[in-house]
Amino acid sequence: MTFRIDGDEHEATPRAGQCLRTFLRERGRTGVKKGCDTGDCGACTVHVDGTPVHSCLYPASRAEGREVTTVMGLGTPETPHPVQQAFIDAQGFQCGFCTAGFVMTAAGLGEEQRADLPRAFKSNLCRCTGYRAIHDALAGVVNVERDAAGASVGRGLGAPAGPEIVTGRVEFTMDDAPAGLLHMALLRSPHAHARIRSIDTSAALAVPGVQLVLTHDDVPQMLFSTGRHTTRREDPDDTRILDVVARHKEQRMAAVVADSVAAAEEGVRQIVVDWEVLPAVFDPAEALKPGAPLVHGDKDAVESRIVDPSRNLVGEVHTVCGDPDAGFAAAAVVVEDTFEVQRIQHVHLETHGATAWLDEAGRLNVRTSTQVPFLTRDELALLLDLDPSNVRVFAKRVGGGFGGKQELLCEDLVAIAAMRLGQPVRIEFSREEQLAASTTRHPMRLRVRIGATAEGDFTAMELELLSNTGAYGNHGPAVMFHACNESIGVYKVPHKRVDGQVVYTHTVPAGALRGYGLSQSVYAVECVVDEVARRLGIDPIALRERNVVAPGDRFVAMSDEPEDVEFGSYGLDQCLAMVRDALADGSGEPVPGPEWLVGEGVALGMLDAGPPGGHHADARISLVPDATPAYRLAVGTAEFGNGTATVHRQIAAQVLGVTASDIELVASDTDEVGHDSGAFASAGVFVAGRATLLAAQALAARLEELGEEGISVARAAAEAITGEGTFTGSPRSVAFNVHGFRVAVLPATGEVRILKSVQAVDAGTVMNPLQCRAQVEGGTAQALGAALDEEVLIDDEGAVVTRNLRTYNWPTMATIPPTEVRFADTHDALGPLGAKPMSESPFNPVAPALANAIRDATGVRLTRLPMRRDRIWEALADAGLPGATFPAS
């Protein structure tokens, strides 16, 4: 069979049933991405005879004799297609994993389709951008600014990888194929709780192409946690690489390695397991009751750092500051309510995956889609009894993360298999595995109580939460503590009570997700703050202005003892004022009609810059002889759409008096710098950027010394002059976000239309306004999805039933409104060149601001997420709102 791909002829016969996506990737067209394999995301879009198609659904055999064009054939980094150039000029991407699909769809649009872009892109999904930047690219808007030597900071410079991203040349985790590559598939449990009585792998080993089967008898049995932190003891050691006991449906129980993915999957189907099915519990309140089935009853509390395995209690916090009872007694009004926050998934388009191999020296190499290469290396060395120097872990470019890749979910198994077989071994999660068997946000139930005087001064606060960590405790205690911190610490109330518990159930494990507990607790707290304002008849913004912390105030949450958090700068007052002004300026969409109810709502959030207990980052920059770029900067943090690959260059260029293009960046590779805790806790700029700043300053000082000694730059380069920097993440500053909405609600259907969305942020010195704006827009879009539609649903037997993107209800270009982004004018004394973090925090105030706007419009308080249209309609009908009536029986 003859195929014409990007102008070249190929003679090949596709496998029976093979889709065009895999056929193209096998022929080096790695710009064609896998995001779903169900035609939902558009990342695999190519042209067949000029028409865009989803190549994951298109049979390869149908392309015979046709002209197939991929993003790699549309243009090159040197000579991009006009659409590709438009995406470069507008910075119409962040992580870039979805970009090839958007480019190919856009390049195939006619004028009529361009007139209705939301419809034209209904099958193209982006998790990072919030779609505004993509709109700009399609409209020919140029957002990228020019650089200037020594003046990079503060400019909206484009991502250095932009030309490679838009032409499909940038290499993501699955885009290289080492010689002799083998493929791994996993046997997953069909039961929520069961013990393996026996497992027979003989039929699997007899499948042609199968090289190895791993069961619990074949791997180390050391207990560990998949969650990765600077200090590994933050998480309970409750996990085994392969266990004899399944504690949730879809838990990995065995692994098959074969010459092809198909052979590995057939090997999995041939494994015979005799299961002893055990009782299971799915609700955290039920799990705490005496006699409930135990998830980790076999664990030792001290050894595994579990508070009480006999009660399914992973961790807890019970603290009192001041005298809350007296504070409530002194209040003129006390408001209390209970809230439920659902499971959601990160849904980064690049799923989890890793490739492991041994190099010529017998050293273990692992390339993985991770936010934490150094912490992954250290845990692999511990699990496999290797010296860390004999393990290299690196990431290169990562296709989204949002906290989901602060885990060790697959690297251990491919490493073991590669060491056993002496060949490269790869695993790539399917979208179904990603949704059903990786991690989610912690679902929580929260009770908030606030007392206030008649004038609006808060007298006491109380926060109680119950967190469901699922079958394993990765991130469970830390998320609980974080949820109980900044959400109430932002208010200057001396009397506070906190009670939190995080509990095991036989469900898919929860983990780290953007906001790290604050998206749950800020929703509850800010809704109650809003209700206090309404009870007192005080403007909600004015009430917050009266009660928020300001320089000179202590941060009081779970403790009133001093910590390492300081006011490096303060812009919360500006943010509140900017949102007030934005909502009052008359802009926004018109009200759809007289039957719609209109309301406004605001909410705020505070975020500590980095985690407690420190966050380590090393950086090194060298002057390179006779090279362009002239400087080589090595950092440990990862680029996954967070913009650090651009900002680190800008910091170094600012110090050295050059342009960012003069800096070559090498990142997220354990061979390049001493250590980096990783790209989490919004540390990519505040912590790792500070290390880059120190390294650049050290190099600049050394060059100045050499210049005074009469030594030329060329000679200095020849002597490999280097500057190094280290920052350990303390002291920490605080960042602030305030969101405002104007909405219209239709009582007859429960539909919500967002007429205006604005977020004001205090990011200190905004290093790159283009990328910082994109972070805020993307965080807002992701949070709107979580507020209105997204949910990972679990059935009565503990199985995830939300198993593809079509049923997950991810926001599309048609459903996400534009968000106006405003920056406070501050300069942080602790952050690099005055910067503060702005990666996680835009997510946190969105859901409560929206709930408060709906409350303002309808008079009904929604206390359960997501606020789906059916739930809104039902709540309005229950409240007896005209137009929202139940049908007559």
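Biologist: Let's start with a cysteine: is C56 buried or exposed?
Modeller: Happy to look, bearing in mind that this is a predicted model. Buried means under 20% relative accessible area. C56 has 9% relative accessibility, so it counts as buried.

Biologist: Which cysteine sulfur is nearest to that of C56, and how far away is it?
Modeller: The structure holds zero disulfides, and C56 is accordingly in none. A disulfide needs two cysteine sulfur atoms within 2.5 Å. The nearest cysteine sulfur to that of C56 belongs to C44, at 3.8 Å.

Biologist: And C484, why is it without a bond?
Modeller: C484 is buried, because its relative accessibility is 0%. The closest cysteine sulfur is in C321, and the separation is too far for a bond: 12 Å.

Biologist: Where is C36, and what does it touch outside its neighbours within four places in sequence?
Modeller: C36 lies in the loop between α1 (20-25) and β3 (45-48). With a relative accessible area of 8%, C36 is buried. Leaving aside neighbours within four places in sequence, its contacts are C41, R431 and L805.

Biologist: How far is the C-alpha atom of C36 from that of T351?
Modeller: Along the chain, C36 and T351 are 315 residues apart. In space, their C-alpha atoms are separated by 9.0 Å.

Biologist: Now the helices: at what angle do the axes of α3 and α4 cross?
Modeller: Two packed helices are described by the angle between their axes and the distance between the axes. Here α3 covers residues 82-90 and α4 covers residues 99-107, and their axes come within 9 Å. The crossing angle is roughly 130°. That makes α3 oblique to α4.

Biologist: Which handedness does the crossing of α3 and α4 have, and which residues make the contact?
Modeller: The crossing of α3 and α4 is right-handed. From α3, the contact uses V83, Q84 and F87. From α4 come T99, F102, V103, A106 and A107.

Biologist: By class, what is the make-up of the contact of α3 with α4?
Modeller: Charged residues are absent from this contact. The others are two polar and six nonpolar residues.

Biologist: Which residues of α3 are buried, and what covers them?
Modeller: The buried residues of α3 are V83, Q84, A86, F87, I88 and A90. Their cover includes α2 (71-74), α4, α5 (111-114), α7 (132-139), α8 (162-166) and α26 (769-788).

Biologist: Finally, what is the phi of the residue that follows α3?
Modeller: Helix α3 is followed by Q91. The phi of Q91 is positive, near 55°.

Methods:
Residues are numbered from 1 along each chain as its sequence is written. This is a predicted model: local features need pLDDT of at least 70, side-chain atom pairs count only at pLDDT 80 or more; totals for chains, interfaces and linings use all residues. Side-chain values use heavy atoms; hydrogens and water are left out. Axes are lines fitted to C-alpha atoms, for helices over the stretch in contact, and angles run from 0 to 180 degrees between N-to-C directions. Helices (H or I, at least four residues) and strands (E, at least two) are DSSP runs, numbered from the N terminus. Angles under 35 degrees count as roughly parallel, over 145 as roughly antiparallel, 65 to 115 as roughly perpendicular and the rest as oblique. A crossing is left-handed if the near helix is turned anticlockwise from the far one by less than a right angle, and right-handed if clockwise. Contact means heavy atoms within 4.5 Å. Ala, Val, Leu, Ile, Met, Phe, Trp, Tyr, Cys and Pro count as nonpolar, Asp, Glu, Lys and Arg as charged, and the others, Gly among them, as polar. Buried means under 20% relative accessible area, exposed over 50%, partly exposed in between (1.4 Å probe, protein chains only).
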